[in-house]
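Hello,

Here is the structure I promised to pass on to you. Please have it open while you read, and my notes follow below it.

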Amino acid sequence: MLSMKNISKTFGSLEVLKDISINVDQGKVVVVIGPSGSGKTTLLRCLNVLEQPDSGAVTIDNQTIDFSQKVTKPAIRELRKQTGMVFQNYNLFPHLTVIENIMEGPVTVQKQEKSTARETAVRLLEKVGLGDKADVYPYQLSGGQQQRVGIARAMAIDPKVMLFDEPTSALDPELIGEVLQVMKDLAKEGMTMVVVTHEMKFAKEVADEVVFMDGGYIVERGAPEEVFERPTQERTKKFLNLLQH
Ligand SMILES: Nc1ncnc2c1ncn2[C@@H]1O[C@H](COP(=O)(O)OP(=O)(O)OP(=O)(O)O)[C@@H](O)[C@H]1O
Ligand SMILES: [Mg+2]
């Protein structure tokens, strides 16, 4: 469903991703962990081509972009349409109501009829447990509620894969669970997901594969119980120790 093959990315002289390959089969969940600056966000941004890799290829649902060739804007747009992205800081439009936030992508990007987009938005709001919040503004919601709107908004374009960048790290501890629950439900329904998170319990329950990155490399990868319980690399052990304290 989703793959990145031998992706490298530099910013100026800084090599941020070094020959990264990841494969996510349909309906699987990959969790990416790693220290600050290790390249996790850049990896997600390369997956939906918000950032253009220097080399390698990205494939989503049979569409491949090979970055060693000339890349066209329509190809990037096509690929990006297959992905929904959820950000650490929700990134909702403050001047739009909840339902308008969710309808924005379908109406302006996909040129859907407003009535169709509204129906979908209502359904998604129900799904994330916010059926009664359609007409309020983001500032009237808790962080956990805003992030659930963020997930509904990303789902509104009916993406093939969902990308999450530390979706709960800005939240108060008591609000994290409700967001993780929505993500678990999505996984259970068979959504293909790449999730950057340090929520180990979530990773253990939901991830098919855990990828540990450091310094732009994939240092270690495997089933969650392998990576968490029996890490083979020193750097992984050190990082997991830090996480647990
Ligand atoms: N647009 C950019 N221009 C220049 N350098 C960048 C840019 N984006 C990221 N970087 C650098 O690339 C490296 C990796 O950044 P990235 O945001 O991918 O890390 P991260 O693993 O997501 O970190 P964090 O856990 O803090 O979110 C960092 O050194 C960062 O400063
Ligand atoms: Mg990041």
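A residue counts as buried here when its relative accessible area is under 20%, as exposed when that area is over 50%, and as partly exposed in between. Please keep in mind that this is a predicted model.

With that cut-off in hand, take glutamine 82. This residue sits in the loop between α2 (73-80) and β6. Its relative accessibility is 16%, so glutamine 82 counts as buried. The C-alpha atom of glutamine 82 is separated by 22 Å from that of serine 115, and the two residues are 33 apart along the chain.

**The ligand site**

Which residues surround ligand 1? They are Phe11, Leu14, Val16, Pro35, Ser36, Gly37, Ser38, Gly39, Lys40, Thr41, Thr42 and Glu166. By character, this shell divides into four nonpolar, six polar and two charged residues. Two elements, β2 (14-24) and α1, each supply at least two residues of the shell. Of the contributors, α1 gives the most, with three residues.

Three short distances to oxygen atoms of the ligand may be handy when you look at the site:

- Serine 36 has a polar side-chain atom 2.6 Å from an oxygen atom of ligand 1.
- Glycine 39 uses its backbone: a polar atom there is 3.0 Å from an oxygen atom of ligand 1.
- Glutamate 166 brings a polar side-chain atom to 3.3 Å from an oxygen atom of ligand 1.

On its own, ligand 1 has 630 Å² of accessible area, and the protein covers 58% of that.

**Helix α1**

The helix that gives the most to the ligand shell is worth a look for its surroundings too. Why can α1 be called largely enclosed by the rest of the structure? Six of the eight residues in this helix (residues 40-47) are buried, so the rest of the structure largely encloses it. Those buried residues are Lys40, Thr42, Leu43, Leu44, Cys46 and Leu47. Among them, Lys40 and Thr42 also belong to the residues around ligand 1. Just after the helix comes valine 49, which takes a positive phi of about 55°.

**Two more positive phi values**

Asparagine 91 and aspartate 158 make a nice pair to compare. Asparagine 91 has a phi near 55°, a positive value in a residue other than glycine. It is placed in the loop between β6 (83-86) and α3 (98-109). With a relative accessible area of 40%, asparagine 91 is partly exposed.

Aspartate 158 likewise has a phi near 55°, positive in a residue other than glycine. Its loop runs between α5 (143-155) and β7 (161-165). Is aspartate 158 buried or exposed? Its relative accessible area is 65%, so aspartate 158 is exposed.

**Around serine 169**

Serine 169 lies in the loop between β7 and α6 (173-188), and is partly exposed at a relative accessible area of 41%. What does its side chain contact? One partner is the side chain of glutamine 88, in a polar contact of 2.9 Å. Serine 169 and glutamine 88 are 81 residues apart in sequence, while their C-alpha atoms are 6.5 Å apart in space. A polar atom of the serine 169 side chain also lies 3.1 Å from the backbone oxygen of glutamate 166. You met glutamate 166 above, where its side chain has a polar atom 3.3 Å from an oxygen atom of the ligand.

**Two buried helix residues**

Valine 182 is found in helix α6. Its relative accessibility is 10%, so valine 182 counts as buried. Valine 128 is 54 residues away from valine 182 in sequence, and the two are 6.1 Å apart in space, C-alpha to C-alpha.

Leucine 240 has its place in helix α9 (residues 234-243). This leucine is buried, with a relative accessible area of 5%. Between leucine 240 and isoleucine 22 there are 21 Å from C-alpha to C-alpha, and the two are 218 residues apart along the chain.

**A charge over a ring**

Finally, have a look at arginine 153. Its charged end sits over the ring of phenylalanine 93, 5.8 Å from the centre of that ring.

Happy browsing, and best wishes!

Definitions and conventions: Residues are numbered from 1 along each chain as its sequence is written. Chains are lettered from A and ligands numbered from 1 in the order in which they are written. This is a predicted model: local features need pLDDT of at least 70, side-chain atom pairs count only at pLDDT 80 or more; totals for chains, interfaces and linings use all residues. Side-chain values use heavy atoms; hydrogens and water are left out. Buried means under 20% relative accessible area, exposed over 50%, partly exposed in between (1.4 Å probe, protein chains only). Helices (H or I, at least four residues) and strands (E, at least two) are DSSP runs, numbered from the N terminus. A charge sits over a ring if NZ of Lys or CZ of Arg is within 6 Å of the ring centre and within 35 degrees of the ring normal. A residue is near a molecule or strand if one of its heavy atoms lies within 4 Å of it. A polar contact is a pair of N or O atoms within 3.5 Å; within protein, one must be able to donate a hydrogen and the other to accept it, and residues adjacent in sequence count only if both atoms are side-chain atoms. Accessible areas come from the Shrake-Rupley method with a 1.4 Å probe; for residues, only the protein chains shown count as cover. Ala, Val, Leu, Ile, Met, Phe, Trp, Tyr, Cys and Pro count as nonpolar, Asp, Glu, Lys and Arg as charged, and the others, Gly among them, as polar.
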